[in-house]
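Here is a short tour of a model, written for someone who likes to see the cut-offs next to the claims. Have the viewer open and follow along.

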Amino acid sequence: MAGKDYYSALGVSKTASQAEIKNAFRKLAHKHHPDKGGDANKFKEINEAYQILGNEQKRKQYDQFGSSAFSGGGGPGGFDFSGFQGGNFSGSGIDFEDLGDIFGGFGDMFGFSGRSSGRAQSKRGADMEAILNIDFLEAAFGATKEILIDKNIKCEKCNGNGAEPGTKIETCKTCGGRGKILKNQRTIFGAMQVEAICPDCQGEGQSYAHKCSKCSGTGIHKGQEKLKVKIPAGIDNGEAIRLSGRGNAGLKGSPSGDLILIIKIKPSDDFKRDSYDIYTKKSISIKQAILGDKIDIKTIHGDVVLKIPEGTQSGTTFKIKGKGIEKLRGSGLGDHFVEILVNIPKGLPRKDRKTLEELDI
Ligand SMILES: [Zn+2]
Ligand SMILES: [Zn+2]
């Protein structure tokens, strides 16, 4: 793609005026048009060159950055040629409906503006996102949740086909079921037979007398779906579960989009989490800290006995291995870290104070 010379493709000089460029394009397009026996690749090349040079702004960018500025949707201009390079030019050749007003708004015809290119608009339902709130322990151990999602659902009255039940669905008479018709169009090349979307069936190839009264012929309507979602153990905040085909229903029985559930974990009063490890704090008495002890630590897997060695300092953290969260990817469990805080008593009774004073500590 890099280094395409659009000027030589059109056979014009770098200082050519817009009128000269347009003129050159007309001549070449006429000569190389595939419907007139021309070379489709050559025609494509000419078109591509004209899209850039025929537009002052894009021409400037091209002069500055070269053709790489327009490649693959990436470059500085962010232009996307994918629509241009795609199906339009394969098969039987160029589809004139796509060229539309061939010399007006040309740049927009091939997805320059970033929208999806061409007229082959997908009727697939849109993907959708929803937040799924779960509890701390549900995230740690996994769960099955029942959720209710507001979305476009398939119309149950017409079963998604858009026709009022009882009305006959028949092959469109206008296009004979092809969804396309040939029509005469006057172009700069003279009158031509071009393919166009059938105006009666909008390309579906079918027609029916009455649109479904529930969905106005779209095959979908706003509704709710109840879903059971399996949440894997170990999932973390912000991670997502994609349920393919559970998003919005598509128009007229087309496939549904995906549903993406973004996990939000409610904080726990007892546990803090960092990745697959759990963090807690535990207070012990000054006596336990000095003499050592065995104490119960609450973990997500239940109570665990922890040995406090004698002379434990406040702020010491102990690791309890394998008492954390099951790893979502890979195997094993995280650990539980407990920070020991030594409780220094205030306002000792006189008797204790005396005892303490007598100690050599
Ligand atoms: Zn319906
Ligand atoms: Zn039709």
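Let us begin with Cys198, which is buried because its relative accessible area is 1%; buried means under 20% relative accessible area, exposed over 50% and partly exposed in between, computed with a 1.4 Å probe on protein chains only. This is a predicted model, in which local features need pLDDT of at least 70 and side-chain atom pairs count only at pLDDT 80 or more, while totals for chains, interfaces and linings use all residues. Residues are numbered from 1 along each chain as its sequence is written, chains are lettered from A and ligands numbered from 1 in the order in which they are written, and side-chain values use heavy atoms, with hydrogens and water left out.

**The zinc sites**

Cys198 is one of the protein donors of the zinc ion (ligand 2). Donors here are N, O and S atoms within 2.8 Å of the metal (3.2 Å for Na, K and Ca); water is not among the atoms, so sites may look incomplete. Strands are DSSP runs of E with at least two residues, numbered from the N terminus, while helices are runs of H or I with at least four. Both zinc ions appear in the table.

| Zinc ion | Protein donors | Distance | Angles among the four donor atoms | Spacing |
|---|---|---|---|---|
| ligand 1 | Cys155 (SG), Cys158 (SG), Cys212 (SG), Cys215 (SG) | 2.3 Å | 103 to 117 degrees | C-x2-C-x53-C-x2-C |
| ligand 2 | Cys172 (SG), Cys175 (SG), Cys198 (SG), Cys201 (SG) | 2.2 to 2.3 Å | 103 to 116 degrees | C-x2-C-x22-C-x2-C |

The zinc ion (ligand 2) has a tetrahedral site. Cys172 sits in the loop between strand 3 (169-171) and strand 4 (180-187), and Cys198 in the loop between strand 5 (190-197) and strand 6 (206-208), so this pair ties together parts that are 26 residues apart in sequence. Cys172 counts as buried because its relative accessibility is 2%, and Cys201 is buried at 3%.

The site of the zinc ion (ligand 1) is tetrahedral as well. Four donors earn that label if all angles lie between 85 and 135 degrees; the other classes are square planar for four and octahedral for six, if opposite donors are over 155 degrees apart and all others between 65 and 115, and anything else is irregular. For reference, the ideal angle for four tetrahedral donors is 109.5 degrees. At the zinc ion (ligand 1), Cys158 and Cys215 link distant parts of the chain, 57 residues apart: Cys158 is in the loop between strand 2 and strand 3, and Cys215 in the loop between strand 6 and strand 7 (220-231). Both of these cysteines are buried, with Cys215 at a relative accessible area of 4%.

How many disulfides are there? The count is zero, taking a disulfide as a pair of cysteine sulfur atoms within 2.5 Å.

**Ser213 and Lys151**

Ser213 also lies in the loop between strand 6 and strand 7. Setting aside neighbours within four places in sequence, Ser213 is in contact (heavy atoms within 4.5 Å) with Lys157 and Glu164. The C-alpha atoms of Ser213 and Glu164 are 6.3 Å apart, although 49 residues separate them along the chain. With Lys157, Ser213 makes a side-chain polar contact of 2.7 Å. A polar contact is a pair of N or O atoms within 3.5 Å; within protein, one must be able to donate a hydrogen and the other to accept it, and residues adjacent in sequence count only if both atoms are side-chain atoms.

Is Lys151, in strand 2 (residues 143-154), buried or exposed? Lys151 counts as buried because its relative accessibility is 7%. Its side chain reaches the backbone oxygen of Gly247 at 3.1 Å. Among the other residues that Lys151 touches are Met128, His221 and Glu225.

**Paired strands**

Strand 12 (residues 293-299) and strand 13 (residues 302-308) run antiparallel, joined by seven bridges; strands pair if DSSP finds at least two bridges between them. The two form a hairpin with two residues between them. Thr299, in strand 12, stands opposite Gly302 in strand 13. Thr299 is buried at 4%, and its side chain reaches the backbone nitrogen of His301 at 3.0 Å. Beyond four places in sequence, Thr299 touches Phe271, Val304, Lys323 and His336.

Strand 8 (residues 240-243) pairs with strand 9 (residues 259-265) in the antiparallel sense over four bridges, and Ile241 has Leu261 as its bridge partner there. Ile241 and Leu243 form the covered face of strand 8, Ala240 and Arg242 the uncovered one. In a regular strand the side chains alternate between the two faces of the sheet.
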